[in-house]
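I opened this notebook page to record what I looked up, taking the ligand site before the domain interface.

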Amino acid sequence: MSKSFHPPRRLLMGPGPSNVSQRVLDATARPTIGHLDPEFGAFMEDLKGLLQWVFRTENRLTLPVSGPGTAGMEACLANLIEPGTKILVCRNGAFGQRMVAMAERMGAEAVAIDDEWGRAVDVEKVEAALQAHPDADLLAFVHAETSTGAWSDAESLARLAREHGCLSLMDCVTSLGGIPVEIDAWGVDAAWAGTQKCLSCPPGLSPVTLSERAAQRIGERKTPVQSWFMDFGLVMSYWGGEGGRSYHHTAPVNALYGLHESLLVLQGEGLESAWQRHRDNHQALADVLAQLDLEFLVPEGERLPQLNSVRLPEGVDDAAVRGELLESHGIEIGAGLGPLAGKVWRIGLMGETCRVESIDRLNTALGQALGID
Ligand SMILES: *Cc1c(COP(=O)(O)O)cnc(C)c1O
């Protein structure tokens with residue numbers, strides 16, 4: 001006979017999900033109401049306002065896509081790509097590669113601009129690619145590459161896109177709430193995030209925002225968006241609120257309560273204070289890692305505070321150490337992906353997890369697992 005599932009308590013120090021506070025968990029346990037209930041409509045408007053606040057944008061087209069970060073990525077690409085659209089994709093890790101794969105499936109002509117895994121996107125290379133492809137329509141990049149821990153210069157990339165007549169698409173799944181994200185000031189045209197990284201919500205929603213230029217481009221499409229579910233024109237008949245709301249799909253009501261609450265928590269702390277907390281704790285972690293003789297993958301100046309990739313020391317068993325951390329200490333850290341599998345560990349300091357106590361616990365546990373006491 002199956003029984004109720006009671007998950008263990010973990011300290012989530014991997015690439016996401018991060019720890020969720022009791023306050024946010026409690027919010028998700030409030031009564032489910034109808035997604036067309038007038039009270040829910042008012043709640044949705046408030047949530048939209050909070051999303052505009054966290055994205056630092058006035059974009060009308062700002063909403064949580066019902067699905068994880070990958071769904072937000074797919075939705076933005078699907079709405080802006082038509083067969084034959086030319087998209088330049090910066091590829092310096094797993095998520096850049098994911099965008100190339102999606103764009104190709106949608107019938108785009110995708111051109112990858114490659115950088116080594118572990119490095120930020122090379123802005124000069126992107127400028128050269130934009131010059132070499134004057135017919136490009138879109139430029140896509142990952143602000144915070146979670147597969148490596150590299151932090152790219154989103155502001156310069158968005159500016160270059162604009163100067164070359166391209167719309168800019170930014171993955172800010174891991175950056176939002178952890179480092180500065182400035183949609184309007186940088187002029188980013190489409191961006192998507194996730195709830196389970198620095199916003200510290202349960203996974204399953206993807207806040208997205210699109211500029212007026214992007215909305216106009218979608219309006220001028222010659223073919224319908226290839227995905228009915230993700231067609232922003234249809235989704236906005238529910239989220240837009242103008243002229244009433246009509247059913248498109250059932251909104252994940254309780255998950256949205258959690259997102260709303262987590263944004264209130266962030267507002268209470270202040271966005272700049274949260275960025276500062278991530279910077280400070282990254283420094284504290286870097287000191288601990290140096291004492292444990294662990295080296296960063298990403299060069300200084302390109303490192304994300306919230307995702308720290310370190311090289312495995314010579315002769316250390318990757319899975320055994322991660323297993324010991326989990327089983328003996330209740331701590332999850334991330335393994336390497338793709339070409340970095342077995343070569344690095346990914347230590348997350350995202351949102352709720354980003355506290356001095358987390359670093360202290362990891363210090364003790366890693367010291368024991370590596371036999372350096
Ligand atoms: C986690 C992540 C995603 C995918 O989000 P899911 O919620 O796992 O679908 C996309 N891009 C980046 C940079 C991420 O870190």
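I began by fixing a term: I count a polar contact when a pair of N or O atoms lies within 3.5 Å. I also note that the model is predicted, and that I considered side-chain atom pairs only at pLDDT 80 or more.

Entry 1, ligand contacts. I looked up the distance for threonine 70 and found one of its polar side-chain atoms 2.5 Å from an oxygen atom of the ligand, which is a polar contact because the pair falls within 3.5 Å. I then checked threonine 146, where a polar side-chain atom lies 2.3 Å from an oxygen atom of the ligand, and lysine 197, where the corresponding value is 2.7 Å, again to an oxygen atom of the ligand. I followed this with the cover over the ligand, and the protein takes up 89% of the 380 Å² of accessible area that the ligand has on its own.

Entry 2, ligand shell. I listed the residues that surround the ligand, among them Pro68, Gly69, Phe95, Val142, Ala144, Asp171, Val173 and Gln196. When I sorted the shell by class, I obtained five nonpolar, five polar and two charged residues.

Entry 3, domains. I took the division of the protein as domain 1 (11-16 + 270-369) and domain 2 (23-266), and I noted that their C-alpha centres lie 27 Å apart. I found 26 residues of domain 1 in contact with 29 residues of domain 2, and the two domains bury about 2,300 Å² between them, with 64% of it on carbon and sulfur atoms. On the domain 1 side, I recorded that Leu271, Trp275 and Glu302 lose the most area to domain 2, together 28% of what that side buries.

Entry 4, polar links between the domains. I counted eleven residue pairs in polar contact between domain 1 and domain 2, and the rule finds two salt bridges across their interface. I also looked up arginine 119 and glutamate 302, whose side chains meet in a salt bridge at 2.8 Å, N to O.

Conventions. Residues are numbered from 1 along each chain as its sequence is written. This is a predicted model: local features need pLDDT of at least 70, side-chain atom pairs count only at pLDDT 80 or more; totals for chains, interfaces and linings use all residues. Side-chain values use heavy atoms; hydrogens and water are left out. A residue is near a molecule or strand if one of its heavy atoms lies within 4 Å of it. A polar contact is a pair of N or O atoms within 3.5 Å; within protein, one must be able to donate a hydrogen and the other to accept it, and residues adjacent in sequence count only if both atoms are side-chain atoms. Accessible areas come from the Shrake-Rupley method with a 1.4 Å probe; for residues, only the protein chains shown count as cover. Ala, Val, Leu, Ile, Met, Phe, Trp, Tyr, Cys and Pro count as nonpolar, Asp, Glu, Lys and Arg as charged, and the others, Gly among them, as polar. Domain bounds come from an automatic or database domain assignment. Contact means heavy atoms within 4.5 Å. Buried area is the accessible area (1.4 Å probe) that two parts lose on being put together, summed over both.
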